[in-house]
Amino acid sequence: MEANLPVELQNRRTFPGKYVMIGFICLLLAAGPLFISTYYVNLLFMVGIYAIISVGMNIIIGYSGIVSIGHAGLMAVGAYTAAFFNTHFGTPFWITALIGIAVSLVIGSILAIPTIRAGGVYLSMITIAFGVIIDEILIRWTAFSGGPLGISGIEKPAVGSYQFGLTQVYYLVLIVAAAAMALVCNLRNSVWGRSMLAVKQNVIAAESLGVKPFNYQYAGFAISAVFAGLAGAIYAHANSFISPDIFGFQTSIQLVLIVILGGAGTVWGPVLGSFIVVILPEVLQFDHLRLAVYGLLMFLVLYFLPKGIAGTLADYMEKKKAPAESPADRHSIPLEQLLRAHDAAASSGTLLSLRNVNKQFGGLHVIKDLSFDVPASKVLSLIGPNGAGKSTVINMISGFYTPTSGEIFLNGQKIDGGSPQDMLQKGIARTFQHTRLFSDLTVLENVMAGMSRSHKQNLFSALFRTAGMRKQEKQIAAMAHAYLDLVGYKGPRHVKAGNLPYGHQRIVEIARALATKPSLLLLDEPAAGLTAGEIVELELVIRRLKEAGLTIILIEHHMDFVSRISDKVTVIDYGRKIAEGTADEVKDDPNVIKAYLGEEEMPNAENF
Amino acid sequence: MATLLQVLLSGLAVGSLYALIALGYSLTFVVNGTVNMSQGQLVMLGGMITFTLVQYVHLPFAVSFLAAGIAVGILGILIEKLAIRKFAKDPTSVNWVLSTLAVGIIIQDVSLTLWGPNENVVASPVGDGIVRILGAGVYWKELILIPVACAFLLFLIFFYFKSHWGLWLRATADNQIAINLMGVNSNTIVAIAYILSGILAGIGGGMMSTIYAVSVAMVAGLNSAKGIVISGLGLGIGELLVATYVSPNFREMIIYFLVIVILFVKPTGLFGTKTVVKV
């Protein structure tokens, strides 16, 4: 549940009661073998095995939105590799587990490429196909897998000459599962976790912040492959026997069910799900229709608990108790550190120029020979009637569209045709006409996500939460607070951004764009839907940014607002520039009046 | 040479059936972007219903197999209403994949309980005779599939392009909001797509291994009906070529591997086109 809270907030809320509870659960689980029969210890062991894999799958399903229905295949890879080395070469568990992880990681990484590239429907189908292929290979490649009969006589894990019994194996699984949970929890509260969720919730906005979706999804898939391989290896050694039917399609479905039933994207969800899915059929003593029950359960979860058990509970808790907002961790950070150091020499000239830019969508010629210059450290407003092509211009400058012909220069450097990530790297940030916040990240995390590109963390330090990483996280959070202060945001900062009122969302989106430290900020209708009071505040913010040296292109329909704030106004209609100048000059331009109001000398005007 | 011709003819026959079933996938995908992941089980169900009607109720084959089509078509309505309608609203969610998979699991398990694990063969109305074409021997019961499948395909094409239902289907595919504004309930139209897809699964049933047709739809690019027909035929022939010249054990593995390779090289499928995302 805590996964939904940002780092520094969690630290503040670690009242001892929570630790006592977690410690109590651990103690209870650890003491289990003393009180219950081996039958139940064995069940708990299975819960642990499933928990290890599903905690890994939670990264891809919950954080990246990739529903893999073939992870039993990866588990099989780990299990069979370990079993093969143990039975053929007598390699001890501790080594075979590492080999199993390595092989599973390699195969998982290869599988991840087509899976992520395909996306959507194809994605699930590739993973299903993968599971089927692994199953087929296990049945046919007898020399390696022992065919349908599987491999038996795998040695139990041992330390020196001491062989592990069920209880020791159970403890091993318990420790590994707890470690896996801790690692994934760390990952969630890092640049990696935020970027993964950002990609899942709004891939376009994530790209506008320079996040490369593939990298994060790929990393998530690789980690889940490691966990699956490890769980497979432990299972093989603990059970002494494996066969292909243990790792079939049914198991893959069970794993998905575990994650979504428990609650995808929550810390405790996979564990909870494992408990229910493993224990339930044993309690009900089902012989027939066990699969049908799983199917029905899946259906019920999708219908009535789309966020799973833990996710629903977390939502309920958030509603009941809004997290405390404390200004303690807000330090004032000087403006120079927040915004890109602004080059005095460049600020006199032109920052951005478009030269004869054209954009065609099929036969539709949207932008025609458009050229204009944006003076540095000034506000340029791009206005025009609906459908004039304003947003298309912004999309080309920010790299979402490639111009059909023509050139775009930033500081004299040709930049057209770059990806959104390239444009961000060069210092161009944007907001969207319809706000695109990451609705399940908190307000603060949204702004923190804007720093994913500038404050990189390596995967290792994120997983293990190294001292350097913790320091960096603190710094990112402090900066994020400062950006929110900079744009004059007064609302709550630890609530999910999706719950914010519209005006707040717009302001937060500007803060998020600023967090990328741009030299050019593109604002697509920032005042749309704001109240008169909010527009006045927005105006102050824009002035403040301009004075700090930022160049701003504004698309806006509120003409008062545009006239007050713009240094230069460019008017386009049907993709062509029809006027340019100061707001007053443009206002009286006959072409502009014609574009907005139609021909003045229309013969039947009075009939309208 | 005779062997090759025989393989090609048999492959063409089986492939045309695949094409028919895979068209069921394509139909719903085109209309609202969802695919019924339990289509394989519906095919199986069609087969089992046909078998039951022929074997125990002693109905003629033609009647049984049409009845199976209608029965599975009705099931299609239920699937649309329960497993699709709620989940298809959010285009980024793949919950409908899971919900239809769940439907498939339920159908599979219940069918197993009802009919048991035995393999059942329905005697073909054209018998077990072999026809000799240029030295190649092909079963009549395989060969007959080609004209039957073609007849259904033609009917479908006629329905899709000439009837007003077909027009609504195509309009819903294009713009669901617009069709609602025109006073046509797009939910009903999606349901019709699911009925048709169920009927196709039902009549194509029994002869297919279940999950196989899924890969046909994947390879072909789900938004291109032409591609599905071509790859359906291609996979049918390919499967038999692998089985004849390599080993029958490897045919599934190789086909699935091909599917992954093709999606690796061309993520939108062989014939699909990429839609431009509007920012």
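**Exercise 1. A residue in chain A**

Task: State which residues A:Q254 touches, leaving aside residues up to four places away in sequence, and place A:Q254 in its element. Then decide whether A:Q254 is buried or exposed.

Solution.
Step 1. Leaving out residues up to four places away in sequence, A:Q254 touches A:V277 and A:Y294. The model in which this contact is found is a predicted one.
Step 2. The element that holds A:Q254 is helix α12 of chain A, residues 249-262.
Step 3. A residue counts as buried if 20 or more other C-beta atoms lie within 10 Å of its own. A:Q254 has 24 C-beta neighbours inside 10 Å, so A:Q254 counts as buried.
Step 4. A further pair can be read from the C-alpha atoms: A:Q254 and A:V278 are 24 residues apart in sequence, and 9.2 Å apart in space.

**Exercise 2. Two residues with positive phi**

Task: For A:S240 and A:E525, give phi. Then say where each residue lies, and whether A:S240 and A:E525 are buried or partly exposed.

Solution.
Step 1. A:S240 has a phi near 65 degrees, which is a positive value in a residue other than glycine. For A:E525, also not a glycine, phi is positive and near 50 degrees.
Step 2. A:S240 sits in the loop between α11 (213-239) and β4 (241-242) of chain A. The loop that holds A:E525 runs between β11 (520-524) and α23 (532-547) of chain A.
Step 3. Around A:S240 there are 14 C-beta neighbours inside 10 Å, so A:S240 counts as partly exposed. Around A:E525 there are 21 other C-beta atoms within 10 Å, so A:E525 is buried.

**Exercise 3. The two domains of chain A**

Task: Describe chain A as a whole, then the side of domain 1 of chain A that touches domain 2 of chain A.

Solution.
Step 1. Chain A has 26 helices and 14 strands. Its C-alpha trace spans about 95 × 55 × 50 Å along the principal axes.
Step 2. Of the 608 residues in chain A, 50% are buried. Among contacts in chain A with a separation of 6 or more, 77% join residues 24 or more positions apart.
Step 3. Chain A is divided into domain 1, residues 2-248, and domain 2, residues 336-600. The centres of these two domains, taken over C-alpha atoms, are separated by 42 Å.
Step 4. On the side of domain 1 of chain A, 26 residues are in contact with 34 residues of domain 2 of chain A.
Step 5. Four elements of chain A give two or more residues to that side of domain 1: α1 (7-13), α8 (166-188), α9 (191-201) and α10 (203-208). The largest share, 7 residues, comes from α9(A).
Step 6. By type, the residues of this side of domain 1 divide into 15 nonpolar, 7 polar and 4 charged.

**Exercise 4. Helix packing in chain B**

Task: Give the make-up of chain B, then describe how α9(B) packs with α2(B) and with α3(B).

Solution.
Step 1. Chain B has 12 helices and 2 strands. From the N terminus on, its elements run α-α-α-α-β-β-α-α-α-α-α-α-α-α.
Step 2. Of its 279 residues, 48% count as buried. Residues 24 or more positions apart account for 74% of the contacts in chain B with a separation of 6 or more.
Step 3. Two packed helices are described by the angle between their axes and the distance between the axes. For α2 (residues 39-55) and α9 (residues 186-203) of chain B, the angle is about 50 degrees and the axes are 6 Å apart. This makes α2(B) oblique to α9(B).
Step 4. The crossing of α2(B) past α9(B) is right-handed. From α2(B), B:Q39, B:L42, B:V43 and B:G46 meet B:G198, B:A201, B:G202 and B:I203 of α9(B). The residues of this contact divide into 4 nonpolar, 4 polar and no charged.
Step 5. For helix α3 (residues 61-84) of chain B and α9(B), the axes come within 7 Å and cross at roughly 145 degrees. The crossing of α3(B) and α9(B) is right-handed.
Step 6. Residues of α3(B) in the contact with α9(B) include B:F65, B:A68 and B:E80, and those of α9(B) include B:V190, B:Y194 and B:I203. The residues of the contact of α3(B) with α9(B) divide into 15 nonpolar, 6 polar and 1 charged.

Terms used
Residues are numbered from 1 along each chain as its sequence is written. Chains are lettered from A and ligands numbered from 1 in the order in which they are written. This is a predicted model: local features need pLDDT of at least 70, side-chain atom pairs count only at pLDDT 80 or more; totals for chains, interfaces and linings use all residues. Axes are lines fitted to C-alpha atoms, for helices over the stretch in contact, and angles run from 0 to 180 degrees between N-to-C directions. Angles under 35 degrees count as roughly parallel, over 145 as roughly antiparallel, 65 to 115 as roughly perpendicular and the rest as oblique. A crossing is left-handed if the near helix is turned anticlockwise from the far one by less than a right angle, and right-handed if clockwise. Two residues are in contact if their C-beta atoms, placed from the backbone, lie within 7 Å. Ala, Val, Leu, Ile, Met, Phe, Trp, Tyr, Cys and Pro count as nonpolar, Asp, Glu, Lys and Arg as charged, and the others, Gly among them, as polar. Domain bounds come from an automatic or database domain assignment. A residue is buried if 20 or more other C-beta atoms lie within 10 Å of its own, exposed if 12 or fewer, and partly exposed in between; C-beta atoms are placed from the backbone.
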